[in-house]
Amino acid sequence: MIKLRDYQSDAIESFYIKWRTKRKIVLWMNMGAGKSEIAAYLAQDCLKDGMPMVMVVRGRELVKNLSERLDKYKITHSVFMAGHHRFDKSKLIQICSIDTMKSRDGFPFSDTQCVVLLDEAHKSYDIIFEKYKTQYILGLTATPFSDMSEYDDYVCPIEPYELRDMGVLVPEKIYCPHVMDTSSLKIIAGDFKRDQVEKLVTSGEIVGNLIEDYNTYGEGRPSVCFAVSVEHSKQLCDEINKRGIRAIHCDASSSDEERKQAKKGLEDGTIKVVCNVDIFSVGWDCPTVSCIILARPTWSEIWYLQAVGRGLRSNRVIVTGK
């Protein structure tokens with residue numbers, strides 16, 4: 001049985017009410033507030049009512065995470081991914097990678113009434129809105145600051161400061177001991193031009209400053225470091241290791257086992273820093289992480305909030321509500 005906190009129950013009640021007159025709703029809740037728990041509860045309700053549900057996420061990491069969450073509550077489901085051992089089109093609950101849906105031109109239950117859940121709803125899902133015109137859609141996001149005009153309404157049951165005050169999130173400390181000069185960088189599609197940023201941040205002085213700042217302010221905490229590119233991430237990883245701090249690099253080509261070992265290393269203390277570009281900036285739950293290193297300047301509010309949110313989860317056990 002899924003036990004929800006009071007604000008999670010309030011959120012579900014709110015979008016159920018809104019669905020009586022509207023079809024496309026956004027659930028706006030901060031990282032760490034338990035959107036995955038709400039998604040699992042909704043899947044459980046759909047199974048009880050015999051209503052098909054399509055849960056759409058981005059990338060294999062998030063597919064795996066969501067499948068494990070449903071397994072935790074013994075919710076029968078299928079994973080709609082090429083060659084996946086759990087694929088079964090007869091299951092009412094389908095976890096889908098948006099990339100697989102596009103490449104296979106496969107959109108489960110698009111010809112019938114169903115519930116469609118969109119993870120990271122601030123990103124583009126044009127093809128989903130095109131294929132599921134009359135179905136119930138729930139978008140989940142902590143950062144609804146892009147074009148959300150496809151949606152009819154939103155639900156925001158709790159503010160980040162309330163989550164902090166009740167112990168779901170931790171109080172934050174932000175240090176910026178060295179400021180990069182970004183005045184010459186161009187902004188493309190809402191963020192700094194990547195090749196220009198890479199040239200800026202790979203200088204020996206900036207890399208050295210970053211490691212010294214980790215030693216001074218990071219307090220040896222389990223950390224995730226966000227780089228500009230794969231090569232930059234590898235460079236940082238090498239330099240951090242040379243300073244006697246155990247670090248590893250992960251990127252899109254890293255296997256599930258490598259990513260699992262990265263998380264395990266942070267949890268048991270055998271690894272201090274995991275370097276990456278973007279693979280751990282969304283949907284990655286590791287409450288052990290208590291330091292975020294932004295080794296790149298950014299102009300994107302969404303990316304910034306998603307990245308720092310990886311370090312705000314509390315290890316405390318919160319008493320459940322309803």
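A salt bridge is counted here when a side-chain nitrogen of Lys or Arg lies within 4 Å of a carboxyl oxygen of Asp or Glu. The model is predicted, so local features need pLDDT of at least 70 and side-chain atom pairs count only at pLDDT 80 or more, while totals for chains, interfaces and linings use all residues. Residues are numbered from 1 along each chain as its sequence is written, and side-chain values use heavy atoms, with hydrogens and water left out.

**Exercise 1. Describe the overall build of the protein chain: how many helices and strands does it have, and how compact is it?**

Step 1. Count the secondary structure, taking helices (H or I, at least four residues) and strands (E, at least two) as DSSP runs numbered from the N terminus; the protein chain then has 11 helices and 13 strands.

Step 2. Compare the radius of gyration, taken over C-alpha atoms, with the globule rule, which is 2.2 Å times the number of residues to the power 0.38. The radius of gyration is 20 Å, close to the 20 Å that the rule gives for 322 residues, so the chain is as compact as a globular protein of that length.

Step 3. Add the extent and the burial: the C-alpha trace spans about 60 × 40 × 40 Å along its principal axes. With buried meaning under 20% relative accessible area, exposed over 50% and partly exposed in between (1.4 Å probe, protein chains only), 49% of the 322 residues count as buried.

**Exercise 2. Locate the salt bridge between arginine 86 and aspartate 71, and say which parts of the chain it ties together.**

Step 1. Find the contact: the two side chains meet at 2.6 Å, N to O, in a structure that holds 16 salt bridges.

Step 2. Place the partners. Arginine 86 lies in the loop between β3 (78-80) and β4 (93-97), whereas aspartate 71 belongs to helix α3 (residues 60-72), so the pair ties together parts that are 15 residues apart in sequence.

Step 3. Check the surroundings: arginine 86 is partly exposed at 26% relative accessibility, and aspartate 71 is also partly exposed, with a value of 35%.

**Exercise 3. Set out the salt bridge within helix α9 and the one between aspartate 278 and arginine 296.**

Step 1. In helix α9 (residues 230-242), glutamate 239 and lysine 242 are separated by about one helical turn because they are three residues apart. Their side chains form a salt bridge at 3.5 Å, N to O; glutamate 239 is partly exposed at 24%, whereas lysine 242 is exposed at 63%.

Step 2. Turn to aspartate 278 and arginine 296, whose side chains meet in a salt bridge at 3.5 Å, N to O. This pair links distant parts of the chain, 18 residues apart, with aspartate 278 in the loop between β12 (273-276) and β13 (291-294) and arginine 296 in the loop between β13 and α11 (301-308).

Step 3. Compare burial and then extend the pair: aspartate 278 is partly exposed at 30% relative accessible area, while arginine 296 is buried at 9%. Salt bridges with shared partners join Asp191, Arg194, Asp278 and Arg296 into one network.

**Exercise 4. For glutamate 120 and alanine 189, state the phi value, the place in the chain and whether each residue is buried or exposed.**

Step 1. Recall the background: most residues other than glycine have a negative phi.

Step 2. Glutamate 120, although not a glycine, has a positive phi of about 50°. Glutamate 120 sits in the loop between β5 (115-118) and α5, and is buried with a relative accessible area of 8%.

Step 3. Alanine 189 likewise has a positive phi, near 50°. Its place is in the loop between β8 (187-188) and β9 (191-192), where alanine 189 is exposed at 84% relative accessibility.

**Exercise 5. Describe strand β1 through lysine 24 and leucine 27.**

Step 1. Lysine 24 belongs to strand β1 (residues 24-28) and is buried, with a relative accessible area of 16%. Leucine 27 lies in strand β1 too, and is buried with a value of 0%.

Step 2. Relate both residues to distant sequence positions: the C-alpha atoms of lysine 24 and isoleucine 245, 221 residues apart along the chain, are separated by 47 Å. For leucine 27 and glutamate 231, 204 residues apart along the chain, the C-alpha separation is 36 Å.
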